[in-house]
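Visitor: Please show me the model, and then let us go through its aromatic rings.

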Amino acid sequence: MKKISILGSTGSIGTQTLDIVYQYPEQFKVMGLTTHSNIELLFAQIKQFHPEIVAVANKEKVENLKNMISTLDNSPIIVAGDQGVIEVACYGDTESIVTGIVGCAGLLPTIEAIKAGKDIALANKETLIAGGPVVLPLIEKYGVKLLPADSEHSAIFQCLQGIDNKDLKRVILTASGGAFRDLPTEKLKFVTVEDALKHPNWSMGKKITIDSATLMNKGLEVIEAHFLFEVDYSNIDIVIHPQSIIHSLIELIDTSVLAQLGWPDMRLPLLYALSWPKRIHTDWKQLDLAKMSNLTFQKPDYDKYPCIKLAYAAGKAGGAMPAVLNAANEQAVKSFLNKEITFLAIPYIIEKTCELFVSNNSSQPTLDDILEADQWARGTALMLVKK
């Protein structure tokens, strides 16, 4: 039985991970859970899964949770704030940490978990996008495993099993195209928040659903793939695949192409990240290609989705620039969700923030450099929003 903790247990990744634990209680034991502020759902999770420690990032909610659990026979340790989340990430003899916290907020707890010798089931893109130059050396130093838990990078990881790294030629990331894949470019200026949140294939949190609509999620995945699989940006491609059945592909030096297929269900990559190198038998719905009709592919429209170009440029610039890109995107998406800017303002704000970033941009930035760049970019993006 593997002992796991989930950072962001009340979000989309967290709830789907707990669904796996519920289905396979003989395989996994929950040690710790964290939420930002959804204490009602966290309380329900505590009653069902009996963690030893829980954290609430929003300190104002902690007393309410303590009152709620006072009636329980075996209540967990309760910790608060960002430091509390770190305590859960480093707790006891937990073996694997599922990083389901959205955004750069997941970076510091992940770093501390690595230092504490915990394996990482990585569902938080920003950990590598912003912190890749810092995180990867720590992975090597502390001898822990970093296993991708999102669908695209899990697909690549699965395809690479038994493959020598020198035989990998190209990575091909598939993209659904998001909410506006069939919408003419000229109509994007009229779309609403509600329109952007209607993803055709996946059930995800609001932030990543907006990233899917702008295709920034795919740009961020390009940067993540560069760090995870040590692939040059010139060898990472994106293809629009509306059916979301092929989750990504690799091309080998002899032109062979390997792909991982499955229904669009986040539980599969999460399960593989937690069970690797083994696989666990499931009774989930089997893929029936005969019922799928057609699987189609097309090149992304870079004029319609300028965020892709911005991500490639930031990745190639290296240093702290990906952290700037990520932070500017987080702020722009937040402002869009708050209906403070239009959909088309998102890439504009990101681009202007990146253009304004001035630093020595060392190829090996320190954690302080990355955190400083992150805060600067958020402030700059917010200034642009207000303008």
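Visitor: How many aromatic pairs does the structure hold?
Guide: This is a predicted model, where local features need pLDDT of at least 70, side-chain atom pairs count only at pLDDT 80 or more, and totals for chains, interfaces and linings use all residues. Residues are numbered from 1 along each chain as its sequence is written, and side-chain values use heavy atoms, with hydrogens and water left out. Rings of Phe, Tyr and Trp (its six-membered ring) pair if their centres lie within 6.5 Å; planes under 30 degrees apart count as stacked, over 60 as edge-to-face and the rest as tilted. On that basis the number of aromatic pairs is six.

Visitor: Why is the pair of Phe-157 and Trp-276 stacked, tilted or edge-to-face?
Guide: The ring centres of Phe-157 and Trp-276 are 5.7 Å apart. Their planes stand at 55°, so the pair is tilted.

Visitor: How many residues apart in sequence are the parts that this pair ties together?
Guide: Helices (H or I, at least four residues) and strands (E, at least two) are DSSP runs, numbered from the N terminus. Phe-157 belongs to helix α7 (residues 151–159) and Trp-276 to the loop between α11 (267–275) and α12 (306–317), so the separation is 119 residues.

Visitor: Is Phe-157 buried or exposed?
Guide: Buried means under 20% relative accessible area, exposed over 50%, partly exposed in between (1.4 Å probe, protein chains only). Phe-157 has a relative accessible area of 15%, so Phe-157 is buried.

Visitor: What is the angle between the planes of Phe-180 and Phe-343?
Guide: Both residues, Phe-180 and Phe-343, are buried. Their rings form an edge-to-face pair, 5.1 Å centre to centre, with the planes at 80°.
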